[in-house]
Amino acid sequence: MTDNRTPVTVLGLGPMGQALAGAFLRAGHPTTVWNRTASRADELVAQGAVLAATPAEAVAASPLTVLCVLDYDAAEAIVRPAAAELKGRTLVNLTADVPERSRAMASWAADNGVGYLDGAIMTPTITIGGPGAVFLYSGPKEVYDRVAGALESLGGTGTHLGEDPGRAAAYDLALLDVFWTSMGGLIHAFALARAEGVTARDLAPFAQGIAALVGDLIPQEARDVDERDYPGETSGISSNVATMDHIIHAAEHHGIDSGAMRALRAVAQRAIDAGHATDGFSRTVETLVS
């Protein structure tokens, strides 16, 4: 593990990149930054960061470079021309994208003598540098061990998930799937409640109770999925579908789009048609992946 005051370069100064650079600065790291729009570095420069003119100049300034931009198209456009300067250094890519692109970037890095970690940031900018930040990393363990001390300056918890460079992206997408489908359900519920004269504020405390219930169910549902055992003694898929039908009917009566619920109901119906009406709802994972 390296000294936690090792020089660091941050490429990309959107809100998250600025938060990352700020955390390194507050922890005492000599910090070099670069962004296409140089003015985004003004506040960081005032705090002691050095603004580089090019990505190549930026990565040459530090043994560790952290990259955080919109997507892998932007990431590759930034780092590929700086391959010579990155050689023998470490690149931690915190740009969100899909696992296969993480693996392709790792292959490019290996071909160019660059130590590479892929990563995912699971919490918002306000958490960075504090105890609530959550980071996931994947790639060679020796690379992670080499920079883990410096990465601790980003706060919270950092977890190395394994050698497969696409693993952090896989976690990221699966967890964001949980988040956005949950947010979609919440907003649909608010729309249905409003149509029935119920304010979102009045519904909110009960919605929090439902969210907590889902959280409590996750460990058992995960066990069922991993063991491919789907007991439905307390609630089978056919019963679940009846509830979905009530939601669809009530929402569409008010002209509310129920496409997401209809899609879920269709998946459940496929499980029923395959003979699994009395199984637990987690059985539908087999329908999705078949």
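**Exercise 1. Find out how open Phe179 and its ring partner are to the outside, and work out what kind of pair they make.**

Step 1. Start with Phe179: its relative accessible area is 42%, so Phe179 is partly exposed. The cut-offs are under 20% for buried, over 50% for exposed, and partly exposed in between, with a 1.4 Å probe and protein chains only.

Step 2. Now take Trp180, which has a relative accessible area of 55% and is exposed.

Step 3. Before going on, a word on the model: it is predicted, so local features need pLDDT of at least 70 and side-chain atom pairs count only at pLDDT 80 or more, while totals for chains, interfaces and linings use all residues. Residues are numbered from 1 along each chain as its sequence is written, and side-chain values use heavy atoms, with hydrogens and water left out.

Step 4. Back to the rings. A search of the whole structure turns up three aromatic pairs. Rings of Phe, Tyr and Trp (its six-membered ring) pair if their centres lie within 6.5 Å; planes under 30 degrees apart are stacked, over 60 edge-to-face, and the rest tilted.

Step 5. For Phe179 and Trp180, the ring centres are 4.8 Å apart and the planes sit at 80°, so this pair is edge-to-face.

**Exercise 2. Describe the ring cluster that includes Tyr137.**

Step 1. Look for the members: ring pairs link Phe135, Tyr137 and Tyr144 into a cluster.

Step 2. Pick out Tyr137 and Tyr144. Their ring centres are 5.7 Å apart with planes at 40°, so you'd call this pair tilted.

Step 3. Are these two tyrosines buried or exposed? Tyr137 is buried at 1% relative accessibility, and Tyr144 is buried too, at 13%.

**Exercise 3. Track down some salt bridges and say how accessible their residues are.**

Step 1. Get the rule straight: a salt bridge is a side-chain nitrogen of Lys or Arg within 4 Å of a carboxyl oxygen of Asp or Glu. The whole structure has 13 of them.

Step 2. Try Asp97 and Arg101, whose closest N and O atoms are 3.8 Å apart. Asp97 is buried, with a relative accessible area of 18%, whereas Arg101 is partly exposed at 22%.

Step 3. Next come Asp229 and Arg223, bridged at 3.5 Å from N to O. Asp229 is partly exposed at 38%, and Arg223 is partly exposed at 28%.

Step 4. Finish with Asp245 and Arg265, where the N to O distance is 2.8 Å.

**Exercise 4. Work out how domain 1 and domain 2 meet.**

Step 1. Find the parts: domain 1 covers 8-162 and domain 2 covers 170-289, with bounds from an automatic or database domain assignment. Their centres, taken over C-alpha atoms, are 37 Å apart.

Step 2. Count who takes part: eight residues from domain 1 and five residues from domain 2 are in the contact, meaning heavy atoms within 4.5 Å.

Step 3. Check the area. The two domains bury about 510 Å² between them, 80% of it on carbon and sulfur atoms. Buried area is the accessible area (1.4 Å probe) that two parts lose on being put together, summed over both.

Step 4. Which residues of domain 1 lose the most area to domain 2? Pro99, Met122 and Leu161 do, together giving 57% of what that side buries.

Step 5. Look for charged links: the number of salt bridges between domain 1 and domain 2 is zero.
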